[in-house]
Amino acid sequence: MRKATVNIDKQNAVIRIRGLYKSFDTLDVLTGMDLDLYKGENVVVLGRSGTGKSVLIKLIAGILKPDSGTIEVAGEEIDQLSSRELQELRLKIGFLYQGSALYDSMTVRENLEFPLVRNSPDLSPDEREAAIREVLENMDLKDSIDKMPAELSGGQKKRVGIARTLILHPDIMLYDEPTAGLDPVTSGDINKLINEVQQKYQTSAVIITHDLTCAKTTGDRVALIADGKFCMEGSFEEVFQNGNEEAKKFYDYNFIEDS
Amino acid sequence: MKAGKNRQLIIVGIFSVLAVIILVAGVLMLGEQHKSFERKFPVKTILPDVNGLKVGDNVWFAGVKIGIIKSIDLTDDGRVLVTMSIETKARKHIHQDSYTKLGTDGLIGNKIITISGGAAATPLIADNGYLRGNAGASDMMDVLDSASKNLVQITKNLRDVSQRILTGKGTLTALLNDSVMAGNLQYTLQDAKGAMAQIHTGSGKVMDNLSAFSTRLNRSGTLVNNLLTDTTSYENISKSITQLKATMDTLVLFSKNLKKASESLNSRQGVTGVLLNDEAAAEHLRSTLNNIDSSSIKLKEDLEAVRHNFLFRGYFKKKGN
Amino acid sequence: MLRFFTEVFRPPYEFRETIKQCYKVGYKSLALVSLTGFITGIVFTNQSRPSLAEFGATSWLPGLIAIAIVRALAPLITSLIVAGKVGSNIGAELGSMKVTEQIEAMEVSATNPFKFLVVSRVVATTLMNPLLVCYMAFVGLLGAYLNVHQHEDTSFLAFFQHGFPSISFLDLFASLIKSVVYGFTVGITGCYQGYNATKGTEGVGKAANVAVVVSMFLIFIEELIIVLIVNQFRP
């Protein structure tokens with residue numbers, strides 16, 4: 001289960017977050033958060049529900065706007081971009097939604113075609129088909145190409161979701177609860193897949209989860225959110241073996257729940 | 001997959017084309033009906049009163065629609081300038097001395113302008129040419145009405161005169177000397193003549209109207225069934241007209257007699273006894289008078305009946321306004 | 001709505017999706033619209049007959065029906081049906097796409113969901129509604145004709161010759177304008193409600209419901225306004 005070593009370029013941060021604040025109405029969700037994501041690295045963001053994990057990656061993807069603080073993605077500050085520049089930047093970002101967010105009126109092929117047609121209009125239909133087949137093969141989904149999302153299992157949907165983001169060859173992957181709602185075996189498959197993606201597609205990733213197995217398997221580095229900022233950061237072992245209260249609580253709950 | 005997309009495209013295409021065909025067919029039919037696609041030319045006329053004529057109403061020639069009213073404007077002197085848009089192909093029937101008339105497209109229908117008359121010798125009307133507007137009672141009810149009023153008046157006058165002659169109160173000399181009486185007689189005769197002319201044209205007009213109306217009924221066929229089956233109104237109208245004709249004929253006869261008599265009086269050539277002693281003539285005169293009397297009463301009754309017929313109620317109401 | 005106009009003419013065009021929506025809006029509603037139109041024609045004719053017969057004026061039936069159908073019934077009823085059928089569909093579809101984050105997913109995959117979802121649908125309803133109105137008017141007049149034929153034994157030609165003079169080009173034009181406006185209304189209302197659905201399944205139901213209610217209401221308001229405006233042009 002332990003992941004293979006990867007090349008992490010510590011000199012090269014693809015995401016750099018400084019002093020990030022975000023609140024909704026009176027609720028302060030993020031209060032001064034800092035994070036660096038280095039090239040080739042998988043960072044797992046752990047936290048209980050409602051701690052603002054999803055808000056964090058939506059801020060990174062530019063779907064939400066921060067109240068203050070800066071987010072630099074691939075050297076560009078998201079806040080300063082025009083909508084066209086933001087679109088271009090988003091080509092470098094793959095986003096896997098918790099619910100996969102497959103377009104349920106379209107087949108798997110059309111789901112994959114959708115971003116491809118619109119962002120690489122130069123591709124011939126044959127090249128498009130080849131690209132779709134390739135990425136589906138990597139996800140082990142060849143047979144599902146003409147199925148509708150409703151016909152797929154939860155794990156298959158996640159994989160189609162990943163395939164749909166990978167088809168644009170992003171540099172950065174953002175996973176929102178990739179294993180939520182899946183059984184442990186399927187979760188394990190997904191975790192493996194995340195690592196494969198990291199290897200094969202040379203991506204850096206932010207993985208949001210509260211599943212410690214997922215965190216342990218996929219994370220090169222783990223960051224724990226509490227009270228709107230990171231209270232702990234380091235390898236999985238570092239975070240959970242130094243006796244921090246918050247980490248201990250989280251760890252205990254997690255395994256009581258899971259076992 | 002691809003086939004499905006193309007199928008949708010084809011179906012949407014067929015669907016749209018069909019709908020557009022329906023639309024175009026509708027527009028074409030509408031154009032046909034409104035004669036919008038015919039080539040047209042403008043003709044103007046001035047009428048004293050258009051009685052509610054509207055833009056878009058029809059223009060008829062010999063009962064055939066040949067155009068529509070384009071605009072209606074008041075002139076500086078308070079008359080009405082009506083501009084009509086006439087089909088070019090109807091131009092050959094419209095001469096410079098043709099005239100326009102306000103009418104109705106049936107008894108309860110819209111107002112129309114009819115163009116009629118025009119000698120073949122006169123040149124054809126030009127674009128924007130003016131046609132003479134024909135005022136006067138163009139309306140069959142008006143004609144019937146005024147005709148009957150005239151008749152009553154004439155009958156009264158005649159009775160007066162002949163009564164005097166017959167009772168001998170007016171002996172020949174008295175009659176001759178009574179200049180008032182003589183004048184009266186002259187006047188009455190004149191009047192009768194005028195009325196006669198009016199009735200003549202009037203009844204002709206009424207007959208035209210009526211026959212046009214009934215042709216229309218026949219042509220429209222089953223749709224106006226109810227109008228046709230309403231024979232009372234139809235009968236009333238035709239009865240009135242027959243009556244009018246009969247009255248007129250008697251009147252003609254009578255006035256001829258009178259004229260003869262007065263001519264002989266005037267010329268003093270005739271033996272004085274001729275008229276007075278001629279019992280036969282007197283008798284004739286008397287019976288004629290009775291005839292006129294009864295027929296004019298009859299006419300009045302018929303007109304009244306027409307007037308109260310249901311279908312005409314709206315018409316008279318309109319007239320009242 | 002402003003966004004619609006800024007984006008509708010800007011390439012790239014979502015041609016495929018628009019065709020698909022046209023198919024859904026137009027062709028899929030055709031049966032319903034035709035049936036309703038046919039029945040409307042028959043029923044309206046039947047209901048109008050007694051009052052005209054009282055005046056002995058059943059010959060006016062074709063004219064009356066032609067006016068009623070072309071001027072009022074066809075655009076109004078068609079649009080209400082489209083509002084009920086398509087408006088709710090759009091509201092629910094976009095609403096569920098919104099709450100399952102599909103719309104957001106399109107956004108992060110660097111495509112323009114507004115163009116793909118909203119513009120295509122609004123264009124579809126705006127284009128298809130007038131066409132449906134044409135069908136409705138045609139089928140409605142056909143129904144009316146059948147009814148008149150049955151009772152008054154009128155020929156097809158006579159029916160249309162009596163019907164058409166009552167309609168003017170203004171009527172036809174106004175009806176087309178109306179149906180375009182109503183189609184746009186249905187599309188934009190459905191999309192607005194769906195696109196702005198709040199989280200949860202309840203939001204989807206609400207979006208669909210409100211889409212129908214609001215678009216029907218707007219259609220009636222627009223009818224009122226358009227009729228007032230058109231009457232200014234009537235001679």
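I started with what helix 6 of chain A packs against in this predicted model. Its buried residues touch strand 3 (42-46), helix 5 (154-166), strand 7 (172-176), strand 8 (204-209) and helix 7 (212-218) of chain A. Contact here is C-beta atoms, placed from the backbone, within 7 Å; helices (H or I, at least four residues) and strands (E, at least two) are DSSP runs, numbered from the N terminus.

Next I checked which residues of helix 6 are buried (20 or more other C-beta atoms within 10 Å of a residue's own; exposed is 12 or fewer). I got A:Ser187, A:Ile190, A:Asn191, A:Leu193, A:Ile194, A:Val197 and A:Gln198. Down the axis they fall within an arc of 155° (directions from axis to C-beta atoms), so they line one face of the helix. A:Val185 and A:Lys200 are exposed on the other side.

I looked at the span too: residues 184-201, 18 of them, reach 25 Å from first C-alpha to last, close to the 26 Å expected at 1.5 Å a residue (1.5 Å times one less than the residue count). After the helix comes A:Gln202, with a positive phi near 55°.

Then I moved to chain B. Seven strands close into a barrel there, order 1-4-3-2-6-5-7, with mixed pairing (at least two DSSP bridges per pair). Strand 3 (residues 64-74) and strand 4 (residues 80-87) of chain B run antiparallel, joined by seven bridges. I found B:Ile72 opposite B:Val82 of strand 4.

Bookkeeping: residues count from 1 along each chain as written, and chains are lettered from A and ligands numbered from 1 in written order. Local features need pLDDT of at least 70, side-chain atom pairs count only at 80 or more, and totals for chains, interfaces and linings use all residues.

Note on methods:
Two residues are in contact if their C-beta atoms, placed from the backbone, lie within 7 Å.
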